[in-house]
Amino acid sequence: MPELYDSCLPLTTLREEEQLFRDTVREFAETRIKPHVMEMDREGKLPRELIDDLFRLGVMGIEIPAIYGGAGANFLMAILAIEELARVDPSVAVCVDVQNTLVNNALVRWLNPEQKARFFPRLVRNAVGAYALSESASGSDAFAMQTQARLDGDSFVLNGRKMWITNGAEAELYLLFANADMTKGYKGITGFVVERDFPGFSVGKKEDTLGIRASSTCELILDDVRVPRENVVGEVGIGYKVAIETLDEGRIGIGAQMLGLAQGAFEAALAYAKERKQFGKAIAEFQAVQFQLAEMATEIEAARLMVYNTARLKESGASFVRQSAMTKYFCSQVGERVASQALEVFGGVGFTKDYPAEKFYRDAKIGKIYEGTSNIQLQTIARTFLGR
Amino acid sequence: MKTLVTVKRVPDPETTIRVKPDGSGIVTDNIKYVINPFDEIAIEEALRIKEKQGGGEVVLVSIGGKSVTEQLRTGLAMGADRAILVLCEQPLDSLAVAKLLTKLVEKETPELVLMGKQAIDDDSNQAGQMLAALLEWPQATFASKIDFAADQKSATVIREVDGGLETIGFALPAIITTDLRLNEPRYASLPGIMKARKKEIKEIPVADLGADITPRLTVVKMAPPPKKEAGKKVETVQALLDLLHTEAKVI
């Protein structure tokens, strides 16, 4: 039955353009990012020149249609870019991840044509985007947000504070959620495109974080920020839907980031194990180390199949809520376990900043936290078969 | 200006090359292939010429099996307009390549042929020169800078030679071969990759070109370079000098 086999290619089989794109991003990451990883981590900053190069490479507008200057590519391309960037630097990967799987993803789906024409050319050329949902008292309980939007003539006036906003420092456009009618509870939540230079809007302090230090995590302050009605995303009162459904794709992106991170940590450990000699031979010749490496490789393989399948599921138009929660839940575990084991393969030097292992280990921890903690993922998974 | 750029599929310079035990060639399993780096520089230069002149066409040409499509697609993703692939499975020496290229130049009538100065696999450094001879066109090899006259009828090329820099002027059409420092090739952007899917790669069976490609050369044997042996540590300068004299026999 050849037809059956033809229709069922291996998950990791890439189309010609996907292969070419992945190779290009890998080479970019190796030559353009790798030499600066530790410096960026130390300084806690993504240099603007690097961000400009990411725009030139076309990885900041992967799914934005070509008529707006985007690549008009598919979701799997975004996943491949995130994976390959995270293999070298998870901080750069998350910047690209937020731009594509959260900001652009939501805007492609919810903006009207006039809005698309206004924002997309900027998002593909030079404007970094950020996704502003969380607040100090509203994390996992996202709908408890206190930021308010009051309608006044042709615009909304926004007041409140957003917390933990990835890309906060670099962004020009913020997909920001505020409640336009507190009496309606979560059905008052509305999405807005807020521009950085709107009067009353300011970016607060950048958090001093354990990992992905080059990526910015910031507070946003809204003090009577006037946002024109034309900047409402979708409709007033459907922000909860925009926010939650966007995170379904976002979680696959974080899965890809953790997968790339694990791959990077594994490759570093493998290279070191072949080079490091103890008891007169390379430590890779000891079965204990071989087994550790084999276990890491197996977990990575499983994570990759999960990420690719969930991405392809999304592309196919099928429901993927459960799978995306599973992907993030599982890949964040793999990221942390592999990074930890990789560090142990390095031994003492793995604990120092002279080798990449400690950074992968620090960077892995966020995987279980952002875009829904592991507990929230488990709750999401359980709800898909138990209901609320 | 219409520019023809040659593209050769070669093993990635980062790959570890292993010679087959019988010396008949290299082990090709699991090798990653790329565009010959000097050809990549030629593509970049052709694109810059087109961008600077605000028009023209960049046509890639390659000779080889179907797999070369991969490299041509990369070049198209960088921004070239279209590609021609001469389908040929047999190994070719430089003269055969130059003869096939002659036929393609006659068909395409470009003002300029840009080629890598050599391919990093066999390091022959001959095809460009032979093509110029067969066409009776001027040639500028090892270009590190290229400039065109305002009327686009002539060009000057700066070449890095042993004693310094040599600037030569010549009329077009011509052959230019590229050196390492001519430019730094761009990455294929994602929009470029997506556009390249729709660009043409025209396949021509080698027999259709009617060139005599009978090999003049045969590879007799390939051998890996001798393994580097571990160095020696000496205690004194005198001991070093003695060894350089008695063992290495260099002083």
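What share of the contacts in chain A with a separation of 6 or more is accounted for by residues 24 or more positions apart? In this predicted model, such pairs make up 75% of those contacts in chain A. For chain B, residues 24 or more positions apart account for 70% of the contacts with a separation of 6 or more.

The secondary structure of chain A comprises 12 helices and 10 strands, and its C-alpha atoms occupy a box of roughly 80 × 55 × 40 Å along the principal axes. The radius of gyration of chain A is 21 Å, which agrees with the value near 21 Å that a compact globule of 388 residues would have. Of these 388 residues, 55% count as buried, while the accessible surface of chain A comes to about 16,500 Å², with 54% of that area belonging to carbon and sulfur atoms. Chain A carries 45 positive and 52 negative charges, and the mean positions of these two sets lie 3 Å apart.

Within chain A, helix 2 spans residues 16-33 and thus holds 18 residues; the distance from its first C-alpha to its last is 25 Å, close to the 26 Å expected at 1.5 Å a residue. The buried residues of helix 2 in chain A include Leu20(A), Phe21(A), Val25(A), Phe28(A), Ala29(A) and Ile33(A), and among them are also the charged residues Glu17(A), Glu18(A) and Arg22(A). In an α-helix there are 3.6 residues a turn, so residues three or four places apart point the same way.

A second helical site in chain A concerns Arg125(A), which lies in helix 7, a segment formed by residues 113-125. Arg125(A) counts as exposed because its relative accessibility is 54%, the cut-off for this class being over 50%. Between the C-alpha atoms of Arg125(A) and Pro47(A), which stand 78 residues apart along the chain, the separation is 17 Å.

Chain B was described in corresponding terms. Its secondary structure consists of six helices and 11 strands, and the C-alpha atoms of chain B fill a box of roughly 65 × 40 × 40 Å, taken along the principal axes. Of the 251 residues in chain B, 43% count as buried. The accessible surface of chain B amounts to about 13,800 Å², and carbon and sulfur atoms contribute 53% of this area. As for charge, chain B has 33 positive and 36 negative charges, whose mean positions are 4 Å apart.

Note on methods
Residues numbered from 1 in each chain as written. Chains lettered and ligands numbered in written order. Predicted model: local features only at pLDDT ≥ 70, side-chain atom pairs only at ≥ 80, totals over all residues. Heavy atoms only, no water. Helix = DSSP H or I, 4+ residues; strand = E, 2+ residues; numbered from the N terminus. Rg over C-alpha atoms; globule rule 2.2 N^0.38 Å. Buried < 20%, exposed > 50% of the residue type's maximum accessible area, 1.4 Å probe, protein only. Contact = heavy atoms within 4.5 Å. Areas by Shrake-Rupley, 256 points an atom, 1.4 Å probe, with all protein chains shown as cover. Charge placed at Lys NZ, Arg CZ, Asp CG, Glu CD. Expected span 1.5 Å × (residues − 1).
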